[in-house]
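Here are my notebook entries from a sitting with this model. Have a look at it with me before reading on.

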Amino acid sequence: MKNLLNRIKENLTSSKLDLSIFISCVIVVILSSVLLFILISRDSQLNNEVVVYSTSGETQPSSTEAIQETLQETTLEETTPVETTSTPFSDVPESEGGYYSEHGALQVLGTDICDSHGTPVQLKGVSTHGLSWFPEYVNKEAFSSLKEKGVNTIRLAMYTAEYNGYCSGGDQTALKNVIHKGVQEATDLDMYVIIDWHILSDGNPNTYLSEAINFFDEMSKTYASNGNVLYEICNEPNGGTAWEDGSDYDIKSYAEKVISVIRANDPDAIVIVGTPTWSQDIDIVSRDPLDSTIYHNIVYSLHFYAATHKEDIRNKLIEAHNNGLPVFVSEFSICDASGNGWNDTDSANTWMELLNSYNISYVAWNLSNKAESSSLLNSDCSKTGSFTDDDFSESGTWYLEQLK
């Protein structure tokens, strides 16, 4: 009996244990089911909602369409250029009228400067002052300001014999570096550029003939592939020079020698040839120009200062044009011949009417704040670029009006 009782006791104990295990398992299953139901419900809700953050840091639900719209707006903001007060110069848009990308390398046809398609082009430029004295204006900000006003050509005026001139003790390497900088920046801005051998006090271009030959040999080799570069080989011959007299003061023979050097490197670039009496006796040259069967793409310079040079010089231009001579006004201003004095706008307006009627290109003197009437900037303007209308002098303001 005692053994039976012990076995019954053991069975009861075992049954209680199995029941406990069973109950525990049931509870686990129920809890798991409840948790699974909660998770499934939450996943379903998340499929229709996206959590975004407000500016306060709180979370708030947003529909899928709303978040896609937000992302699209963000993408548009990232790809739309931000408006700034100045435009990066590499992104300066091409302006209409007379720029290199539009016209390409220039050529001379009859009395006209034409583009690569044979369409007449009028260059409208600004000349620097002496590169030895005002190199700070040779910069992209200055050139870009001028381009915005309608200027399509920059003339780099390198004096030869004046103080610190190329042939009178100036740093030749430094001067050439300024020219290289000017050519590059004008090129980057889609402009034409003139490299000017600016004789003045030396008078006779033959004085530094060997230096001119070496200089233009180097420049024409360097820029043979630049269709926007023009060469001006003698700014203003004066002091007893003649167009052709067989002497050492002969401009024509000088031109033939220098042009031949340029042509050996750059067969087609336009060359601007100075004329006697500070580039005024254009009529004399028109009676005996360089042989066009040998020397092509040549133009001849006429310079005037409107308060001094009036009907008599305009008549010289009319005769030269009638004789079929291609003329380029590579320097002018509206004051007197000293570069100073009063501004004669009436005479200047008459000049502009004549130049425009003949489609003659022109370059205004000069880009600086020097205290003289011909300076295009006010003498109190300390800027070297990014000019505004208020920075321009009387002559500068007048000139910019002509470009509109």
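I started just past helix H10, where Gly 324 follows with a positive phi, near 85 degrees. Helices here (H or I, at least four residues) and strands (E, at least two) are DSSP runs, numbered from the N terminus. This is a predicted model, where local features need pLDDT of at least 70, side-chain atom pairs count only at pLDDT 80 or more, and totals for chains, interfaces and linings use all residues. Residues are numbered from 1 along each chain as its sequence is written, and side-chain values use heavy atoms, with hydrogens and water left out.

Next I checked the length of H10. Its twelve residues, 311-322, should span 16 Å at 1.5 Å a residue (1.5 Å times one less than the number of residues), and the end C-alpha atoms are indeed 16 Å apart.

Then I asked which residues of H10 are buried (under 20% relative accessible area, 1.4 Å probe, protein chains only). I found Ile 313, Arg 314, Lys 316, Leu 317, Ala 320 and His 321. Down the axis of H10 they fall within an arc of 150 degrees (directions from the axis to the C-beta atoms), so they line one face. On the other side, Glu 311 and Asn 322 are exposed (over 50%). The cover over the buried residues includes helices H9 and H11 and strands E10 and E11.

Last, I followed E10 to His 303. His 303 counts as buried because its relative accessibility is 1%. The side chain of His 303 makes a polar contact (N or O atoms within 3.5 Å, one able to donate a hydrogen and the other to accept it) of 2.7 Å with that of Ser 330.

Notes: Contact means heavy atoms within 4.5 Å.
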